[in-house]
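Please walk through this protein chain with its sequence and its model side by side. The account below takes up individual loop residues, then helix pairs, then the chain as a whole.

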Amino acid sequence: MTLPTRFQKEVHTHLSRNPQQTGPPLNLNESAGSGKGKPYDPQQVQNHIREILAKYSNGFWVSKLPQIYRELYKQDLPSEAIKDLASWTHICIVEKTCSSNSSELLLYPTKEQTNASIPLQTLNSSSSTSPALSSPAQKRPPSNRLARSGSQSPQSVPSSSSSPSPPSSPAALSPDLKQKLEELLVKYSSGLWAHALPKLFQDTYKTKLPGHVLENLDLLADICTINYPMPDNPKRAILYRRSSAGGGEDENCNRRSSSASEEELKLRTELGRRLSNHEVPPLQIPKEEYPSVLVMEATNTNKVILRYIGEGYSMAQDSLEDEMRVFYGLDQSRQAPLSSPSSGQLVAVRAEEEEEILRAQVCEVMSDKVKVYYVDHGFSEVINQTKVLELHEKFFKLPFQATNCKLAGLEPFCQEPVVLKKFESMASGRILLAELLERGPTPLVVLYDTSQDDDVNINAACLKALQDKTLASPLQVNSAYMNVTVSSVCSDGTIYCQLPSRGLAKLNEMLEKIESYFHAQVTSEFLVSRPFCGKACLARYKGKWSRVEITNLHGSRVLDILFVDVGVQASVEVFELREIPPLFLRDLVSIPPQAVKCCLADLAVSVGSWSPDAVQWLREKVLNASDCSMKVAKVDEGKRCVYVHLFPDKNFHDPTRSLNHQMAQSDLFKQQPDVFLTSHSPTKISTNPFSSKTSSSSNSTSGSPTSAAAPAKPHPRRALPGPKGGGGGGGNMDPGSPSSPSSFLQLPPLLELPPAGQNMDVYVSVACHPGHFVLQPWRDMYKLVVLMGEMILYYNKTEERPLKVEKNRIYAAKIENNWHRVLVKGVLTNGLVSVYELDYGKHELVSCSQLRTLIKEFRQLPFQGIHAQLAGAKQRQWSEEASIVFRNHVEKKPLVAQLEAVQEAATPWDRKLTVFLVDTSQEERDIWVHDIMAELAEEPSNEL
């Protein structure tokens, strides 16, 4: 097949590079869903619309109202309210346009409303809660360009699930109670589950939360917005703090108040950006969450000098310097030295090597020397005055490329010599990946080195440089140690031990002081409001505060942690974490992790190939035993693992008494599972590590929270696909929730679709070719994130139990640290199971040990993935080249789908849509995907 010229480069580029992001973007803005006229509170909706109209006093399209309503109040606009708008003449005016399209209505405030000063209350959101992308239908005002074959302009339609109305209560909140609740909500700008309030309130203020607060959440309406992401469960609500429209932070964490402008103006003045009526524009932070950066230098981790890499940054800088070299090289008169440079002046400087011309700022003028700062490269130099040239006005257009950032988690140790030395060795002069936690004049970042097989968290590595190695557990080959505590036995055979040491004694002493300190404090300042990978903080383990490191984030509220002193992994909600008090921070950071990673030596079966019976046998022998002993056989520095002979008592002199010998002589390893399954799919088996009590069933098996394999290096890209924090998170659920096998027959309700000819905002999660791709409705993306957060919390805290896996049944499956709703497509003889992700449309192979019963709570939300084919394109055997072009235009992208037809089926996963796909991201025009495919020159014989 011969491709048109415009597509040849696109296919070639695709084939020459590795596939990029495999999950939906972390931030997706959902449009509201379609409602069916459920009851609602007109007074509340009218108040909200008043607030919206106060902001949009010039009016807006009615089709945009559901989207704006959801963004501001985190709940769906009732469909009946749309119909009632025309009758609410006391707050708004609905006006028809000249178009015959009934959906194109304009909404204006009444004159009284326009003149009134009504502050709009908006959500105080961080980058983890506010969508980074607009809905496809929101990218620009409605346009008749989208109208084709009876189509309507892309629009958001009201959601089918209005918020449940809690029972009314005459009680009111006291000013003191209201202030305390607001303090808690300020800490969690990504939202807080209402069920977490009582414990959080008790821990923080040492008093009980009045019961009537949760019984009537409407009492909180003036300090927060309330969202019900699970319509079937009115007790599950998320609270979002309100803030005035004039201040707070935007979705990029930039201050919206005038202070930001004043600070920016001050910085620009200090840098001498205004000179001879020429202005250098400020550098804009890249829009992506993980931009590549070149680290220049750092004398302070609060002021790391770096440059952004990519188009519009380093590439534009290279072009500028090429242009300057030509400009100053062609005309000899331009090479004349500047007669009298002054401090703060922007100049061109001829560099020593290769006759490069660079932009610089004069810092200091000496007799015949000048000290200059290279504004694009971030370093200073003293040069001869003859090398200073006048900077032509054409070179003022590109922002200065050298900029500053602050490393998260290192603020108290920003000038520590050991921290700076570690940073210099790991980061200076290297291209790294930067995770932007906060945007502003000096962004807050986490840096990652992704050049090796395992990503390295630079911030965490620098923090570990403060550890006092003399406090580490002593380890020497052929040495024996008594009073060893085995704190964790992982499902792959790895064990974690605590050895008596100075470090362990000091750690226990510090944790006891922290326990007393927290007990005496009545403040919310220690709540963790901005979690990130590698952050050191505290969480409850067996009823006491213990050190943890955040290893992964699932959305904005659910995260994975490692208890570094016992080797236990767990999934928790962010409100369960606490900051380390500054009074104890330096001492705690100096103590190395007290959990020593060990493997049993001289076993024929390697780590990763252990059977469940072998793991259980070892747990019963050593967990909760206080007088174990061990002898070190080998220390593997590369794997950071110690090979030991482990004894259940203090008698380590007799090798035949070792657990290694007993296991080798037993039948525990005769029936080994497939090595690939266990080594690549470790199963986390844990009880709740945050309670001082463990269930009887847990005591009979592990007796203690246990871990999967040793924690993998955190990857800078967040593990959870979908919108970041758009309602994500979850709450603890009872692991003993009843669920009978027959409940598999109860499927979620079918996904509601608009009538044929109508539009819906979608996200294309998988695209094979125009005849087969998978859509997700945008309006419910945040509900899917909530669901997945709940599944992580539930399944990561329950025991693995034998499960009979059957074909064509639905289950929960653990895939890449997340739990998905799946359909089993086939059961293989080697222990693998072929599954289909019902919400994302992907096919995966997983171990049968990674499947769990999908309980009723997780079968309420309709499956979000639905098959589709492209309308307006003849069905054919699509070539690989055509499929590549199609994927490049639609996969992992938000689009508008115009529904042409629905092919119903007996099961939700067999339904199929025929849709037109439209890219509305460009201001100039809409791009209809089937028109692009029509341009491809296809062989007639390919048509079916």
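D602 sits in the loop that runs between β27 (596-600) and α15 (612-622). The model is a predicted one. D602 is not a glycine, yet its phi is positive, at about 60 degrees. Its relative accessibility is 65%, so D602 counts as exposed, the cut-off for that class being over 50%.

A second residue of this kind is K206, again not a glycine and again with a positive phi of about 60 degrees. K206 belongs to the loop between α7 and α8 (212-215). Is K206 buried, exposed or partly exposed? With a relative accessible area of 31%, K206 is partly exposed, because that class lies between the limits of 20% and 50%. A positive phi, near 60 degrees, also occurs at K892, which follows α20. Helix α20 itself covers residues 880-890, and its buried residues are A882, S883, I884, V885, F886, R887 and V890.

The helix before the loop of K206 is α7, which spans residues 197-205 and pairs with α6, residues 175-187. The two axes come within 11 Å and cross at roughly 105 degrees. The helices α6 and α7 are therefore roughly perpendicular to each other, since angles from 65 to 115 degrees fall in that class. On the α6 side the contact is made by L177, K180, L181, E183 and L184, and on the α7 side by L197, L200, F201, T204 and Y205. By residue class, this contact of α6 with α7 comprises 7 nonpolar, 1 polar and 2 charged residues.

F201, one of the α7 residues in that contact, also gives a link to a distant part of the sequence. The C-alpha atoms of F201 and T523 are separated by 10.0 Å, although the two residues are 322 apart along the chain. T523 is located in the loop between α13 and β23 (536-541). Its relative accessible area is 23%, so T523 is partly exposed.

The helix at the start of that loop, α13 (residues 502-520), has its own partner in α14 (residues 582-590). Their axes come within 10 Å, with a crossing angle of roughly 155 degrees. This makes α13 roughly antiparallel to α14, because angles over 145 degrees are classed that way. The crossing of α13 and α14 is left-handed. From α13, the residues in contact are K506, L507, M510, K513, I514 and Y517, and from α14 they are L583, F584, D587, L588 and S590. Sorted by class, the contact of α13 with α14 has 7 nonpolar residues, 1 polar residue and 3 charged residues.

A further helix pair is formed by α2 (residues 42-55) and α3 (residues 65-73), whose axes come within 11 Å. How are α2 and α3 oriented to each other? The axes cross at roughly 95 degrees, and α2 and α3 are therefore roughly perpendicular to each other. In this contact V45, H48, I49, E51 and I52 of α2 meet L65, I68, Y69, L72 and Y73 of α3. The residues of the α2 contact with α3 divide into 8 nonpolar, 1 polar and 1 charged.

Helix α2 also holds L53. L53 has a relative accessible area of 1% and is buried, because buried means under 20%. Between the C-alpha atoms of L53 and T110 the distance is 9.1 Å, with 57 residues separating the two along the chain.

Another buried position lies in a loop: Y840 is placed between β34 (832-837) and β35 (843-847). With 4% relative accessibility, Y840 counts as buried. Y840 and G865 are 25 residues apart in sequence, while their C-alpha atoms are 5.2 Å apart in space.

These places can now be set in the whole chain. The protein chain has 21 helices and 40 strands. It comprises 944 residues, of which 55% count as buried. Among contacts between residues at least 6 apart in sequence, 70% join residues at least 24 apart. The chain exposes about 41,200 Å², and carbon and sulfur atoms supply 49% of that area.

Methods
Residues are numbered from 1 along each chain as its sequence is written. This is a predicted model: local features need pLDDT of at least 70, side-chain atom pairs count only at pLDDT 80 or more; totals for chains, interfaces and linings use all residues. Side-chain values use heavy atoms; hydrogens and water are left out. Helices (H or I, at least four residues) and strands (E, at least two) are DSSP runs, numbered from the N terminus. Buried means under 20% relative accessible area, exposed over 50%, partly exposed in between (1.4 Å probe, protein chains only). Contact means heavy atoms within 4.5 Å. Accessible areas come from the Shrake-Rupley method with a 1.4 Å probe; for residues, only the protein chains shown count as cover. Axes are lines fitted to C-alpha atoms, for helices over the stretch in contact, and angles run from 0 to 180 degrees between N-to-C directions. Angles under 35 degrees count as roughly parallel, over 145 as roughly antiparallel, 65 to 115 as roughly perpendicular and the rest as oblique. A crossing is left-handed if the near helix is turned anticlockwise from the far one by less than a right angle, and right-handed if clockwise. Ala, Val, Leu, Ile, Met, Phe, Trp, Tyr, Cys and Pro count as nonpolar, Asp, Glu, Lys and Arg as charged, and the others, Gly among them, as polar.
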